Amino acid sequence: MAVEIVKERYRSQVREVVLGATKEEGGTRAKTIKVGGQTALPFLHFEGENPNRPIVIMEVWDIVPEEWPANLKSYYEDVYDDPAAWAKKCVEEYGADMIALRFKGADPDGKDASVEDCIAVLKKVLEAVGVPLMILGCGKTEKDSQIIGPLGEAGAGENLLLGVATQDTYKSVASAAMAHKHSVIAQSPIDINIAKQMNILIAEMSTPLLDKIIIDPVTAAVGYGIEYSYSIMERARFGALQGDRMLGMPCIANVAQEVWAKKEAYVPEEENPAWGDQVDRSLSWEIATAIGMLHSGSDLIVMRHPEAVKRVKAHIDELMQV
């Protein structure tokens, strides 16, 4: 007797967002990337369309990340002092689909790099690689508000993914996106209502930006509340498929930032033998967190460890088989 597989049918779909711009589109990227467009939950190809594969983004800093553990540094130590060479290595050797350029050097409590310094780094990275770029500040609201506008202007026409727009910074980020034709990361603190409100606020500034928003509900690492991140991202995806225009955007998970800030990823085995080998442990931590976020509905995953990138991309290949 044949078994009939019950299928869910949804009345809407996730918006499709294009990142990057080619020469014909006013930029200099070798290619553009499309994310979103799903008419079903992640990888359920029998229920609907999953037209665009998830994107793996690799992180590059404008300064040497001294706090990174040795097993992570070893992959980049020959290019640490050159963000352009670092980005090129990530793309050509490690298979990055995009580059997340983090301006950690702009931190006023650190190097306090000037706007001019940040622009110079951006231009060098744009020249070095042809993939779309994601731009992240130093994490300090006042300084990020100072640099995001000039960076957006310096990359005018490239359709950069500017981040992050929070309740405190969304006006400056959205203004830069509007003026210079970029996309926006709208970040909210693991709260579906704030996520929706952020999109409403940005849309009130410019309705066309609704088609250029990527939702960042904030990612938690395995063991640090990943179930909350998973549920928020899943609720956003259900909202999109049920026709909620203010939750209908693709999602991003900054796995790298969350995983490598946790002691389980960097504490050596000698300090806590019960945790096992730090090299294997940190690699597994990033892979497990990334895969969890993929299944919750993340369209873009930011990562650091090249081997973790390799394994996660192989997993995506399997998930995208119809």
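Author: Partly exposed describes a residue whose relative accessible area lies between the buried range, under 20%, and the exposed range, over 50%. The structure discussed here is a predicted model.

Reader: Is Lys88 buried, exposed or partly exposed?

Author: A residue in between the limits of 20% and 50% is neither buried nor exposed. The relative accessibility of Lys88 is 35%, so Lys88 counts as partly exposed.

Reader: Which residue meets the side chain of Lys88 in a salt bridge?

Author: The partner lies in helix H2 (residues 83-92), as Lys88 does, and the two are four residues apart, about one turn of the helix. In general, an α-helix has 3.6 residues a turn, so residues three or four places apart point the same way. The partner is exposed, with a relative accessible area of 56%, and the salt bridge, at 2.9 Å from N to O, joins Lys88 to Glu92.

Reader: How many residues apart in sequence are the parts that Arg15 and Asp211 tie together?

Author: Arg15 and Asp211 form a salt bridge in which the closest N and O atoms are 3.1 Å apart. Arg15 lies in the segment before strand E1 (16-19), whereas Asp211 lies in the loop between H6 and strand E8 (213-216), so the parts tied together are apart in sequence by 196 residues.

Reader: Which residue forms a salt bridge with Asp112?

Author: Asp112 sits in the loop between strand E4 (98-102) and helix H3 (115-128), and its partner, 31 residues apart from it, is in helix H4. Asp112 is partly exposed at 40% relative accessibility, whereas the partner is buried, with a relative accessible area of 8%. The closest N and O atoms are 2.7 Å apart, and the residue that completes this salt bridge with Asp112 is Lys143.

Reader: Why are the buried residues of H5 on the same side of the helix, and what arc do they cover?

Author: In helix H5 (residues 170-180), the buried residues are Tyr170, Val173, Ala174, Ala176, Ala177 and His180. They are on the same side of H5 because the arc they cover around the axis is only 155 degrees.

Reader: Which exposed residues does H5 carry on the face turned away from its buried side?

Author: The buried residues of H5 are covered by elements including helix H4 (141-154), strand E6 (161-165), strand E7 (183-187) and helix H6 (192-205). The face turned away from that buried side carries the exposed residues Lys171 and Ala179.

Conventions:
Residues numbered from 1 in each chain as written. Predicted model: local features only at pLDDT ≥ 70, side-chain atom pairs only at ≥ 80, totals over all residues. Heavy atoms only, no water. Buried < 20%, exposed > 50% of the residue type's maximum accessible area, 1.4 Å probe, protein only. Arc of directions from axis to C-beta. Contact = heavy atoms within 4.5 Å. Salt bridge = Lys/Arg side-chain N within 4 Å of Asp/Glu carboxyl O.
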